[in-house]
Every structure is written in C-alpha cells, then in structure tokens.
Amino acid sequence: MDWDEIATEDIRSDHPGEGIRSLLGQIPGRWGRMSLLSRMVLVKTAQFLQKEDLLKPGERFSEKGVTTGLIGGTRYGSHFVDKAFAETMENGPGLASPALFGYTLPNIPLAEVAVLFGLTGPVYAVFDRVSPLQCAEKEAKRFQETVDDIDFMLACEFDH
C-alpha cells in the first residue's frame, strides 16, 4: 500500500480504516491523542520496513532479537504542536491541553515508532536547517561504526 492510498483514507481520523490497520498490524492505544506528525511517521516507517522486507505488520524488532535504532533529522522539531499547545494556554495555564503537551518534544514521533516496532537502540532527533536527512544518516552511521551491539540503524527526516 503506498502513501497515496493511505492519505486518501484520512490519516487524521481517530479511527483509522483497514488500510492503516493492516499496515501497522495494530493501532496504538494513543492514536487518538497522537499528533498528525506522529501518525505520519508511524505509517511511513511501516511502509518502509515492509517494502524493505525488514518487518511484517505486527512484528517488532525486539521480539526478533534485533537491536535497532532510529535517528530523525528535523528542521523545526515539534514547532507546530508547540504553537498549538501555547494557544490552549491563552485562557490560563490551567486550561492547557495535556494531550498536546505530550507531543511538544521533537523526539516523540520517533519514540512512537520505537514503541510500535520494538526499537531498542538509540532513538532521538537531530536538528539541521539545511539537510536534516543527511545529518540523521551521518549520526546513524556513527553509531553503526562505533557501537558493537547495534544490528542496524534507521534514519529519517520529519517535519510538520
């Protein structure tokens, strides 16, 4: 299933259809609270892992004994969610959205990937305004070259 098929299914829905369900294997319990960016990173990661025959829907690297990490390169991090969270504080800090607060860190979409796909290696975001993917790839390669117990690293670029 390609991205166009998923996108028409409306990834914004709190109740994703069969296309997303079959791709992910299971819908995370937090899906309804997730930022749109987190949902997109999950879906794109699932597509990549299946296309490269690394995992089937519902499989996890940790259950296969494969130590995998993920470095995500970003230009803006969680800026979109940060702004939305700040807007919920306009009527006072006590009214700030706890659902949005959980997604105000740039590494959260990557953490969602780590949980769903069982990544047990390093998982974090790096910032680069010019070439975030190349920055993430460089960081992932550094881990592969210097840490013995990592089977492989993934790298991605993500921004909302």
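This is a short talk on the sheet, the pocket and the cavities of one protein model.

Okay, hi everyone. Before anything else, please keep in mind that what you're looking at is a predicted model. How confident was the predictor? Across the protein chain the pLDDT averages 90, and 95% of the residues score at least 70. If you go element by element, strand S1 comes out with the highest mean, 97, while helix H1, residues 3–8, has the lowest, 65.

Let's start with the sheet. There are 3 strands here, and they make an open sheet, with parallel pairing, in the order S2-S1-S3. Now, why do S2 and S3 each have one side without a neighbour in the sheet? Well, S2, residues 123–127, and S3 stand at the edges, and each has a single partner strand, so one side is left free of a neighbour. As for the twist, neighbouring strands are turned by 20 degrees against each other on average, if you ignore direction.

Zoom in on one pair. S1 covers residues 68–74, and it pairs with S2 in the parallel sense over 5 bridges. If you want a spot to click on, try Ile 71: its bridge partner in S2 is Tyr 124. Then there's helix H6, residues 108–117, which packs on this sheet and touches S1, S2 and S3. The direction of H6 makes about 155 degrees with that of S2.

Right, on to the empty space. A general word first: if you roll a probe the size of a water molecule over the atoms, you see where empty space is left.

The largest pocket in this model has a volume of about 270 Å³. Which residues lie nearest its centre? Those are Lys 44, Thr 45, Phe 48, Ala 155 and Cys 156, out of 13 residues that line the pocket. Helix H3, residues 36–51, and strand S3, residues 152–157, each supply at least two residues of that lining, and the largest share, 6 residues, comes from H3. So what is the pocket's lining like by class? You get 10 nonpolar residues, 1 polar and 2 charged.

Last stop, the cavities. There are 2 of them at 30 Å³ or more.

The largest cavity has a volume of about 40 Å³. Its lining includes Ser 35, Ser 38, Tyr 103, Leu 105 and Pro 109. By class, that lining divides into 5 nonpolar and 3 polar residues, with no charged ones.

The second largest cavity holds about 30 Å³ of space. Among the residues lining it are Tyr 76, Gly 77, His 79, Phe 80 and His 160. Which helix gives the most to this lining? It's H4, residues 79–88, with 3 residues. The classes here are 4 nonpolar and 4 polar, and again no charged residues.

One more thing to look for on screen: Leu 37, Ser 78 and Val 81 line the largest cavity, and Leu 37, Ser 78 and Val 81 also line the second largest cavity. That's my tour, thanks for listening.

Technical notes. Residues numbered from 1 in each chain as written. Predicted model: local features only at pLDDT ≥ 70, side-chain atom pairs only at ≥ 80, totals over all residues. Heavy atoms only, no water. 1 Å grid on protein atoms, 1.4 Å probe; cavity = no way out; pocket = protein on both sides within 12 Å on 5 of 7 lines; lining within 4 Å. Points joined across faces, edges and corners; volume = space filled by probe spheres on them. Helix = DSSP H or I, 4+ residues; strand = E, 2+ residues; numbered from the N terminus. Nonpolar A, V, L, I, M, F, W, Y, C, P; charged D, E, K, R; others polar. Pairing = 2+ DSSP bridges. Axes fitted to C-alpha atoms, helices over the stretch in contact; angles between N-to-C directions. Contact = heavy atoms within 4.5 Å. pLDDT = per-residue confidence, 0-100.
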